[in-house]
Amino acid sequence: MRIVYLGTPSDAVLSLHALGAAGHDIALVLTQPDRRRGRGGELVPSPVKHAALGLGLPVLTPVRPKEVIDDVRATGAELGVVVAFGQLLPPALLDALPLGFVNMHFSLLPRWRGAAPVERAILAGDAETGVCIMALEAGLDTGSVYARVATPIGAQETAGELHARLVELGTDLLVATVLSIGAATPEPQVGEPTYAEKLTVEEFALDWSRPAADLARLVRGGNPKPGAWTRAGGKRLKVLRAHPVDGEAPAGAIVAPASAGSGRGLLALDEVQPEGKRPMSGIDWVRGVRPTARQLG
């Protein structure tokens, strides 16, 4: 099948390669414009642009998708495939290809429509999540679903680890699903939708009056970004990995070997990152911290 591919971050590179390896003709790749990064402000292409150029594919980097509607239509492609493109597509672009556009979404729709479905599933304590291949329409993740796959969420799995698994599961599902687009009829979403709002740094501040189990989910959901955090000795301390354990201590108080009291139970600090320093084990951090900094909050 002749395809226009839309994607931007490294998460979208695997699907680009997989579709090409499956024999599909990638007529055009759309990705976000180059961004200035680093101290020198050098323009850096997106991971998808870098990969596409390496494959010898034509690439466009529109500031707004409406700028390339004619280019997309001129490719003669049948289908558009979207994986973490990063911009909403206008209706005129969605109508530019005979089979429309499909999108890989990292949740079991209609649960967790929106920007941060993986993190929100962990924060809510969901037992499972998954990937949907859905037909794109003007609404936010409201399109009918061609295929879905579910997977349990590991008890200690971070958002980054879960996301990596979902990318692999979703890529396999996408390649299998694209073969049937045109012959298959997607099914409308059924159930009460929930919305995965964008993450903020503030919501990952650890409130030590909450139960340790809640705090552990906050740590997992914030890893790698934006990161759960607290304060120790007036400086910010990121908590990268943690798990709840039995025990009691005043809220935020550090107890040996490396746990903190909470509203219910203790939170074992497995890995932390003090402000201005590299990540380290919680035990190593506690060994080096002054007694005055052993109260978190």
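This passage describes the overall build of a predicted protein model and the arrangement of one of its sheets.

The protein chain comprises 297 residues, of which 47% are buried. Its secondary structure consists of 8 helices and 17 strands. Along the principal axes, the C-alpha trace extends over about 70 × 50 × 30 Å. When contacts between residues at least 6 apart in sequence are considered, 63% of them link residues at least 24 apart.

The accessible surface of the chain amounts to about 14300 Å², and carbon and sulfur atoms contribute 52% of this area. Charged side chains number 30 positive and 31 negative. A distance of 9 Å separates the centres of the two sets.

An open sheet is built from 7 strands, arranged in the order 5-2-1-6-7-9-10 with mixed pairing. Its edges are formed by strand 5 (residues 59-60) and strand 10 (residues 145-152), each of which pairs on one side only. Helix 1, spanning residues 13-21, packs on this sheet. Contacts of helix 1 are made with strand 1 (2-7), strand 2 (25-30), strand 6 (79-83) and strand 7 (101-105). The direction of helix 1 lies at about 170° to that of strand 1.

At the edge formed by strand 10, the neighbouring strand in the order is strand 9, which covers residues 128-135. Strands 9 and 10 run antiparallel and are joined by 7 bridges. Within this pairing, Val131 is positioned opposite Val149 of strand 10.

Definitions and conventions:
Residues numbered from 1 in each chain as written. Predicted model: local features only at pLDDT ≥ 70, side-chain atom pairs only at ≥ 80, totals over all residues. Heavy atoms only, no water. Helix = DSSP H or I, 4+ residues; strand = E, 2+ residues; numbered from the N terminus. Buried < 20%, exposed > 50% of the residue type's maximum accessible area, 1.4 Å probe, protein only. Contact = heavy atoms within 4.5 Å. Areas by Shrake-Rupley, 256 points an atom, 1.4 Å probe, with all protein chains shown as cover. Lys, Arg positive; Asp, Glu negative; His and termini not counted. Charge placed at Lys NZ, Arg CZ, Asp CG, Glu CD. Pairing = 2+ DSSP bridges. Axes fitted to C-alpha atoms, helices over the stretch in contact; angles between N-to-C directions.
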